[in-house]
Amino acid sequence: MNPTAPRPAVVTDFSLTTGLSQSKKPLQRRMSAMVGMYADQEVERRLAEDDVLVYEFFDMGVPESTGEVAYGTSITYPGKVGDEYFMTKGHFHSVLDTAEIYYCLRGRGLMMMENPEGDVQWEELTPGKAVYVPGRYAHRSINTSPDEPLITFFAFPGHAGHDYGTIESKGFRKIVVERDGAPAVVDNPKWAR
Ligand SMILES: O=P(O)(O)OC[C@H]1O[C@](O)(CO)[C@@H](O)[C@@H]1O
Ligand SMILES: [Fe+2]
């Protein structure tokens, strides 16, 4: 690509109430794409048969290269697998030391983060709150509302890439479950060293 050639601005849209975009097609992840991610595999298998929509997100289509800013909206629907709240798959960035910013537009949830050295952090997501996920930290959005979607706007370096392998094989060290009607962060019984 000739760097001095004119480039069109990227213009997209999304709704603050649904997170959906009119101008882009969403990428959807249904329960069948989440098999093995939740602690209760029996309930997970049953929900995968109905292939419930767990989350969807919009990639606004900027080039995946250095200097670009990839951005979009992500909508995680309310629901639970047993007592574990619906969540995104979660990932490290392939270029590990690249950060990401999430801004909560609607709903209630948690951003779960952990680095390869085992430091674990989580932050509450509520409308108006921005969570900056530092480089080296895997991240996963979790919807803890009983009835509202969790909608975030996100942005990260275009060259970051997604590494799902580690999370698919090991999981996160902590999971978020409902205990006495409230979200609780507990050790992941399936976490593999
Ligand atoms: O990539 P996952 O873990 O399936 O989660 C999807 C979310 O993460 C992102 O990849 C951004 O990190 C978004 O595209 C989307 O919000
Ligand atoms: Fe990311």
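**A buried glutamate, an iron site and long-range salt bridges**

In this predicted model, Glu56 is buried and yet takes part in no salt bridge. The nearest side chain of opposite charge belongs to Arg30, at 7.2 Å, whereas a salt bridge requires a nitrogen and a carboxyl oxygen within 4 Å. Glu56 sits in strand β2, which covers residues 53-57. What does the side chain of Glu56 meet in a polar contact? The partner is the side chain of Gln28, at 2.9 Å. Gln28 is also one of the residues that Glu56 touches once those up to four places away in sequence are set aside. The others are Leu20, Pro26 and Leu27, together with Thr73, Ser74, Ile75 and Tyr77.

Attention can now turn to the metal. The iron ion (ligand 2) is held by three histidines and one glutamate: His91, His93 and His139 each coordinate through NE2, and Glu100 through OE, at 2.1 to 2.2 Å. Along the chain, these donors follow the spacing H-x1-H-x6-E-x38-H. Both His91 and His93 are buried.

Ligand 1 is surrounded by 15 residues. Among the closest are Tyr55, Gly90 and Glu100, and Glu100 is also a donor to the iron ion (ligand 2). His162 and Tyr164 complete the list of the closest residues. In the side chain of Tyr164, an N or O atom lies 2.5 Å from an oxygen atom of ligand 1. For His162, a polar side-chain atom is found 2.7 Å from an oxygen atom of this ligand. His91 has an N or O atom of its side chain 3.0 Å from an oxygen atom of ligand 1, and His91 also coordinates the iron ion (ligand 2) through NE2. His91 and Glu100 thus appear in the description of either ligand.

Charged pairs are found elsewhere in the chain, and the whole structure contains 11 salt bridges. One of them joins Glu68 and Arg7, with the closest N and O atoms 3.0 Å apart. Glu68 lies in the loop between β2 and β3 (69-76), and Arg7 in the segment before β1 (27-30), so this salt bridge ties together parts that are 61 residues apart in sequence. Is each partner buried or exposed? Glu68 counts as buried, at 15% relative accessibility, because the limit for burial is under 20%. Arg7, by contrast, is partly exposed, with a relative accessible area of 47%.

A second pair consists of Arg108 and Glu124, whose closest N and O atoms are 3.8 Å apart. This salt bridge links the loop between β6 (100-106) and β7 (109-114), where Arg108 is found, to strand β8 (residues 120-125), which holds Glu124; the two residues are 16 places apart. Both partners are partly exposed, Arg108 with a relative accessible area of 42% and Glu124 with one of 39%.

Arg173 and Glu114 also meet through their side chains in a salt bridge, at 3.0 Å from N to O. Here the loop between α2 (165-170) and β12 (174-179), home to Arg173, is linked to strand β7, home to Glu114, across 59 residues. Arg173 counts as partly exposed at 21% relative accessibility, while Glu114 counts as buried at 3%. In addition, salt bridges with shared partners connect Glu42, Arg45 and Glu49 into one network.

Two further residues show how separation in sequence and in space can be set side by side. Met37 lies in the loop between β1 and α1 (41-50) and is buried, with a relative accessible area of 9%. Although Met37 and Ala192 are 155 residues apart in sequence, their C-alpha atoms are 12 Å apart in space. Beyond its neighbours within four places in sequence, Met37 is in contact with Glu44, Glu84, Met87 and Lys89, as well as with Arg140, Ile167, Glu168 and Lys190. Ala5 is located in the segment before β1, the segment that also holds Arg7. Ala5 is partly exposed, with a relative accessible area of 32%. From Ala5 to Leu20 there are 15 residues in sequence, and the C-alpha atoms of the two are 32 Å apart. Leu20 itself is one of the residues touched by Glu56.

Methods: Residues are numbered from 1 along each chain as its sequence is written. Chains are lettered from A and ligands numbered from 1 in the order in which they are written. This is a predicted model: local features need pLDDT of at least 70, side-chain atom pairs count only at pLDDT 80 or more; totals for chains, interfaces and linings use all residues. Side-chain values use heavy atoms; hydrogens and water are left out. Donors are N, O and S atoms within 2.8 Å of the metal (3.2 Å for Na, K and Ca); water is not among the atoms, so sites may look incomplete. Buried means under 20% relative accessible area, exposed over 50%, partly exposed in between (1.4 Å probe, protein chains only). Helices (H or I, at least four residues) and strands (E, at least two) are DSSP runs, numbered from the N terminus. Lys and Arg count as positive and Asp and Glu as negative; His and the chain ends are not counted. A polar contact is a pair of N or O atoms within 3.5 Å; within protein, one must be able to donate a hydrogen and the other to accept it, and residues adjacent in sequence count only if both atoms are side-chain atoms. Contact means heavy atoms within 4.5 Å. A residue is near a molecule or strand if one of its heavy atoms lies within 4 Å of it.
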